[in-house]
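Reader: Got a minute for a helix pair? Show me the structure first, then we can talk geometry.

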Amino acid sequence: MVLGIDSSAISAGCALVEGDKIVAESFLNTRHTHSETLLPMISAMLKSAGAALSDVERIAISSGPGSFTGLRIGISTAKGLADAVHKPCTAVSTLEAIAYNFMQIDGIICACMDARRKQVYNALFKSENGVITRLCEDRAISAEDLSKELSALDGKKILAGDGAELINSFTECKYSLAPPALRYQRGSGVCFAARNVPEINPDALMPMYLRLPQAERERQAKNAD
């Protein structure tokens, strides 16, 4: 049984997955701080499922891209839980976890998270016959450039993630928005994405940033001046 955790954006989620079965799942899409909600949500889900943390074989966490603060909270939580019960961890791309919400829907999955400044964190995936195939690496890309790239691709395209609506605002060709129940990061997607990712020691968990934090960018700009 795998415990999946996501706190990479405004929404937060956790799930217990055993094989192909979602045993339990919780999801919040509020502006409450993850430091206040994540642990209580995990605890309540485990209790409702009649499971203990010690029953979990490993803990999977979305390690980025995403909110700098949200990623740090999620990874710290995963480290603490894993250390408490001496379990391994798995670090999963947030964008890939979004794509795994669509295993039963064929098409090109455009996973995109709002990165501000008219940019998105993005990766493209192909979903076919229950198999998710990555088409490009995680990246930070302008919404305009991504919309041009999508227009050159054949086949059904589905926009997912909190940056999905932003892409449609930059192109005349409007793409299908994933339904709200599948659009955002979910703990179960983290679990399914983790199936083919090696386990690591909790101490090795690190957030994956695609660009520097704003404070660091401002510091570099000041030094350059």
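Author: One term up front: axes here are lines fitted to C-alpha atoms, for helices over the stretch in contact, and angles run from 0 to 180 degrees between N-to-C directions. Also, this is a predicted model.

Reader: Fine. At what angle do the axes of H1 and H2 cross?

Author: Roughly 35 degrees. H1 covers residues 34-48 and H2 covers residues 68-85, and their axes come within 10 Å.

Reader: Is that crossing left-handed or right-handed?

Author: Right-handed.

Reader: Which residues in H1 and H2 meet?

Author: From H1, His34, Ser35, Leu38, Leu39 and Ile42. They meet Gly70, Ile73, Gly74, Thr77 and Leu81 of H2. That contact splits into 5 nonpolar and 5 polar residues, with no charged ones.

Reader: Switching to H1 itself. How far does H1 reach from its first C-alpha to its last?

Author: 20 Å over 15 residues. That is close to the 21 Å expected at 1.5 Å a residue.

Reader: Which residues in H1 are buried?

Author: His34, Thr37, Leu38, Met41, Ile42, Met45 and Leu46. They sit on the same side of H1, because they cover an arc of only 155 degrees around the axis.

Reader: And which are exposed on the other side?

Author: Ser35, Glu36 and Lys47.

Reader: What do the buried residues of H1 pack against?

Author: H2, plus three strands: E1 (2-6), E2 (12-18) and E3 (21-28).

Reader: Last one. What phi does Gly50 take, just after H1?

Author: A positive one, about 70 degrees.

Definitions and conventions: Residues numbered from 1 in each chain as written. Predicted model: local features only at pLDDT ≥ 70, side-chain atom pairs only at ≥ 80, totals over all residues. Heavy atoms only, no water. Helix = DSSP H or I, 4+ residues; strand = E, 2+ residues; numbered from the N terminus. Left-handed = near helix turned anticlockwise from the far one by under 90°. Contact = heavy atoms within 4.5 Å. Nonpolar A, V, L, I, M, F, W, Y, C, P; charged D, E, K, R; others polar. Expected span 1.5 Å × (residues − 1). Buried < 20%, exposed > 50% of the residue type's maximum accessible area, 1.4 Å probe, protein only. Arc of directions from axis to C-beta.
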